[in-house]
Amino acid sequence: MEAAKPLFSYRKHWAHKFGTAPFLPMSREEMDLLGWDQCDVILVTGDAYVDHPSFGMAIIGRLLEAQGFRVGIISQPDWQSAEPFKALGKPALYFGVTGGNMDSMVNRYTSDRRIRHNDSYTPGGEGGKRPDRSSIVYAQRCREAYRDVPIMLGGIEASLRRIAHYDYWSDKVRRSILVDAKADILLYGNAERAIVEVTHRIAKGDKPNELDDVRGVAVIKSKIPDGWTEAHADDIEAADEGARASNAQTVIRLPSYAQVSGDPEIYARASRVLHRESNPGNARALVQNHGDHDVWLTPPPIPLTTPEMDAVYDLPYARAPHPSYGDAKIPAWDMIKTSVTIMRGCFGGCSFCSITEHEGRIIQSRSEGSILKEIETVRDKVEGFTGIISDIGGPTANMYRMACKDKRTEELCRKPSCVYPGICPNLNTSHEALIGLYRKAREIPGIKKVMVASGVRYDLAVESPTYIKELVTHHVGGYLKIAPEHTEAGPLSKMMKPGIGTYDRFKKMFDDATKKAGKKYFLIPYFIAAHPGTTDEDMMNLALWLKKNGYRADQVQTFLPSPMAISTAMYHSGKNPLKAVRRGASEPVDTIKGLKQRRLHKAFLRYHDAENWPLLREALKNMGRADLIGPGKKHLIPNWQPAGTGKSGGEGKRLGKKHKGQTFTTKGNFPKGLK
């Protein structure tokens, strides 16, 4: 893997003389107090501005400030006109636009496409403070406000929509968000390296569309540059792929937007290629035609080193919401204000999850000293701190400092997961560094308890009985949530999750450790309904397993096809991109799209809810399993119905109004409803 320029080695921009702002300004009055006549960069976000490293705009803003740039924030602007986008004046360099910490459609709608009435990233938890497809709408308003100012897209919404992608809410394949937003450049993944280089180069006069040599970006091109070898996606799994991989000037031609939008199997093929080209050590540039132009994606960014991670998390965050919010509660802030991030990335590769697609599979860990220092900062600076660190983790709880044993092997690998179908023998699964960190964190004066609330990857945890003992004895508070997701081999193979036997092994080790510690702790397993590859029989067997083991789920999740996920490609195409996708030879995948069947799968997870019994009785009879209806312990549901129940159609009581489409006034797009 090529060496990257150190993140903090750039010569600072001239505006560094203004120093550090207590909060990045959100008004002209704040700019005046700082002595600024103009912002170099204005970041527009769909989230409330909380100056904390768990909020993407805070990290990007403080990082650019450390590079010497004047950065302003426009948070959750009224998108009905361009005027709110002029609040800080014209930026000298560019607008940086993001939908926020979540994709705006995932944030606003449930898996059944029903509207959510709350938003954890908004003061008061109020819903509706950001538009659907926020990045597109914000970019259009920025263009209306100052037509000649470059627009840069970033954040998870842009990252997961960087190429043509299936959009669940409109039930069609949409173009790259770079094209729809008419932006100048898109940064994907954790974009610290890219945004620092791009900003310095724009400050020197480079045009955004000239930055096609920066890793982790997407730009629009009219043709393939001279000197590049073009390989078509249909050919790259041929025997001579190794020879192609040795050519650093090779670009993979993905099927065009017209092709993937017209043929679901071709879409599955494009998805497979994209995910195979995700390792920074061997990924090649990708190009996809959109009409008269190409969307050009450079290879993924080089992961941050530990010193760089430490420096990013040690930037001068105020660690509080912007004062303009007053006493308003911001639920996301309340949840994370006493938590500490110790690492990024995930090599699990679960096909329904966007973490690996956004953050990458290479684990980027902070140093022990940096983490312990932040815990002390939380203790000393967070108002109302009670001595409890609410979480010490990241995308997962227990991948800290785990990596491939051989760097060369890591750079050549194209596997989507390091732990499926089993743990790779080249993976170092030692928990010793994490155990040592836990112990030192507990010893900090003023710290009463350090909780682990991030999801524990239990197939890794079983490799370390000492870790499980440490976790149970010191870091669990009554319940531990883990995610086996299913019990049956069919859906698990499509999710790339371990078999339920691994869960059983972990549960035994957890229960044994709980007993030895004299505790009464319980596992709370999470499951997904209606994932591609799941049959009605699979859900019935899962329900029987739940009843046998005494689980009654209060909250269950139905599969939500998020942009760019492998499972989403399965859902849309009915093909399996985890295996070769070739015309007439692709592996088919059962998909659950009808609302009634999706409700049925969800109802099986809540077999104990009387509202679901009529739906389940009908299904069990149709499946030839009426033997599971009756009054005994061997039966899944009874043959009687409590008065006043069973009239809601399944899933329990449906709350909220049906979504009728949201009216938009953004010029030229979204005249009404979802597109």
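**View 1. Lys 221 and Asp 212, side chain to side chain.** In this predicted model, the side chains of Lys 221 and Asp 212 are joined by a polar contact of 2.4 Å. Lys 221 belongs to strand S9, which covers residues 217-221. Is Lys 221 buried or exposed? Its relative accessible area is 12%, so Lys 221 counts as buried, the cut-off for that being under 20%.

**View 2. The wider surroundings of Lys 221.** Which residues touch Lys 221 once its neighbours within four places in sequence are set aside? Asp 212 is on the list, and so are His 293, Asp 294 and Trp 296. Asp 212 is also the partner in the 2.4 Å polar contact, side chain to side chain.

**View 3. His 608, in a loop between two helices.** Look for His 608 in the loop that links helix H23 (595-605) to helix H24 (613-622). Loop or not, His 608 is buried, because its relative accessible area comes out at 18% and the limit is under 20%.

**View 4. What His 608 touches.** Skip the neighbours within four places in sequence, and the contacts of His 608 are Arg 552, Ala 553 and Trp 613. With Ala 553 there's a bit more to say: its backbone oxygen sits 3.3 Å from a polar atom of the His 608 side chain.

**View 5. From His 608 across to Ser 134.** How many residues separate His 608 and Ser 134 in sequence? The count is 474, and in space the two are 39 Å apart, going from C-alpha to C-alpha. For scale, the C-alpha trace of the protein spans about 75 × 65 × 55 Å along its principal axes.

**View 6. Zooming out to the whole chain.** The fold comes to 24 helices and 25 strands. The radius of gyration is 25 Å, which agrees with the value near 26 Å for a compact globule of 675 residues. Of those 675 residues, 58% are buried; Lys 221 and His 608 are among them. Take the contacts with a separation of 6 or more, and 75% of them come from residues 24 or more positions apart.

**View 7. Surface and charge.** About 27600 Å² of the protein is exposed, with carbon and sulfur atoms supplying 50% of that area. On the charge side, there are 97 positive and 78 negative charges, and their mean positions lie 5 Å apart.

Definitions and conventions
Residues numbered from 1 in each chain as written. Predicted model: local features only at pLDDT ≥ 70, side-chain atom pairs only at ≥ 80, totals over all residues. Heavy atoms only, no water. Helix = DSSP H or I, 4+ residues; strand = E, 2+ residues; numbered from the N terminus. Rg over C-alpha atoms; globule rule 2.2 N^0.38 Å. Buried < 20%, exposed > 50% of the residue type's maximum accessible area, 1.4 Å probe, protein only. Contact = heavy atoms within 4.5 Å. Areas by Shrake-Rupley, 256 points an atom, 1.4 Å probe, with all protein chains shown as cover. Lys, Arg positive; Asp, Glu negative; His and termini not counted. Charge placed at Lys NZ, Arg CZ, Asp CG, Glu CD. Polar contact = N/O pair within 3.5 Å; in protein donor to acceptor, adjacent residues only side chain to side chain.
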